[in-house]
Amino acid sequence: MDDVLRQPADRDRANQNPRRDEPDQSASRLGREAARRLALSGVCELRPGLTDREFARIEAEYGIEFADDHRAFLAAGLPINSARPEEGATWERPWPDWRDGDEEELHLHVQWPVRTVLHDVEQGAWLTSWGPRPEDAAEASRTALQELARAPKLIPLHAHRFLPGGRGTYGRQVLSVWGSDIGP
């Protein structure tokens, strides 16, 4: 376990921003502590963490930007789906395997929050903060998509649990996303 949670010696320092020493250290601490607790729980296998090169590839390929604590978590150890899913489980592989996972499956996981909210909009859901709902269903979907584009992008953590993305951010709540039912 200690080998997985240790930062590789050859990892470059691109994760650290000297202009934000305190937040950067706090985010790293949060991420490492989350990985440590997950390793102790035994609910999944933790493989060596992602490198800066892997983060750059993932963020470019999937159009995401990990929050600092999420990045530190995945740098400390990459959770892998080692147990068989429970019968009736919605997610066959709930932990996104950013290193060796199926690209199409990862794209679908990244798109889950927007896709499921748009599905709910098609069924009549609407947030009052978006203003009056357009009568035309296609216009309602376009408006919802525009509103969702303004929100921080949600990055898959485990199954339907996501963390808001964004470099320079940390300490945000893990969100459960099931269509328009979004909450801590």
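Which residues does Ala159 touch, not counting residues up to four places away in sequence? The first close-up takes that up, and the other views move on through the rest of this predicted model.

**Figure 1. Ala159 sits in the loop between strands S3 and S4.** Here's the answer: leaving out residues up to four places away in sequence, Ala159 touches Trp91, Pro94 and His109. The loop links S3 (154–158) and S4 (161–164). Ala159 is buried, with a relative accessible area of 4%, which puts it under the 20% cut-off for a buried residue. Look for Trp95 here too: its C-alpha atom is 6.4 Å from that of Ala159, although the two positions lie 64 residues apart along the chain. The backbone deserves a glance as well, since Ala159 has a positive phi of about 50° without being a glycine. Most residues other than glycine have a negative phi.

**Figure 2. The whole chain, for orientation.** Count the elements and you get six helices and six strands. Starting at the N terminus, they come in the order α-α-β-α-α-β-α-α-β-β-β-β. The protein chain has 184 residues, and 41% of them are buried. About 11000 Å² is exposed, with carbon and sulfur atoms supplying 49% of that area. Taking contacts with a separation of 6 or more, 60% are between residues 24 or more positions apart.

**Figure 3. Helices H3 and H4 pack against each other at about 125°.** H3 covers residues 52–62 and H4 covers residues 68–76, and their axes are 11 Å apart. Why call the pair oblique? The angle is about 125°, and angles of 65 to 115 degrees count as roughly perpendicular while those over 145 count as roughly antiparallel, so this pair falls into the oblique class. The crossing of H3 and H4 is right-handed. On the H3 side you'll find Asp52, Phe55 and Glu59, which meet Arg71, Leu74 and Ala75 of H4. Sorted by type, the residues of this contact come out as three nonpolar, no polar and three charged.

**Figure 4. H4 is largely enclosed by the rest of the structure.** How many residues of H4 are buried? Nine of the nine, so the helix is largely enclosed by the rest of the structure. The buried set runs through Asp68, Asp69, His70, Arg71, Ala72, Phe73, Leu74, Ala75 and Ala76. Some of these names turn up in the previous view too: Arg71, Leu74 and Ala75 are the H4 residues that meet H3.

**Figure 5. Helices H5 and H6 cross at roughly 145°.** H6 spans residues 137–150, and its axis comes within 10 Å of the axis of H5. This crossing is right-handed. H5 brings Val114, Val117, Leu118, Val121 and Glu122 to the contact, where they meet Ala140, Ser141, Ala144, Leu145 and Leu148 of H6. By type, those residues split into eight nonpolar, one polar and one charged.

**Figure 6. Asp120 lies in helix H5.** That helix takes in residues 103–122. Setting aside neighbours within four places in sequence, Asp120 is in contact with Ala125, Trp178, Gly179, Ser180 and Asp181. Asp181 is 61 residues away along the chain, and the C-alpha atoms of Asp120 and Asp181 are separated by 9.3 Å.

**Figure 7. Pro152 is in the loop between H6 and S3.** Is Pro152 buried or partly exposed? Partly exposed, with a relative accessible area of 46%. Beyond its neighbours within four places in sequence, Pro152 is in contact with Pro164, Gly165 and Arg172. Gly166 is 14 residues from Pro152 along the chain, with 7.1 Å between their C-alpha atoms.

**Figure 8. Ala35 is a buried residue of helix H2.** H2 spans residues 21–41. Ala35 has a relative accessible area of 0%. Find Leu78 to round off the view: Ala35 and Leu78 are 43 residues apart in sequence and 8.4 Å apart from C-alpha to C-alpha.

Conventions:
Residues numbered from 1 in each chain as written. Predicted model: local features only at pLDDT ≥ 70, side-chain atom pairs only at ≥ 80, totals over all residues. Heavy atoms only, no water. Axes fitted to C-alpha atoms, helices over the stretch in contact; angles between N-to-C directions. Helix = DSSP H or I, 4+ residues; strand = E, 2+ residues; numbered from the N terminus. Parallel < 35°, antiparallel > 145°, perpendicular 65-115°, else oblique. Left-handed = near helix turned anticlockwise from the far one by under 90°. Contact = heavy atoms within 4.5 Å. Nonpolar A, V, L, I, M, F, W, Y, C, P; charged D, E, K, R; others polar. Buried < 20%, exposed > 50% of the residue type's maximum accessible area, 1.4 Å probe, protein only. Areas by Shrake-Rupley, 256 points an atom, 1.4 Å probe, with all protein chains shown as cover.
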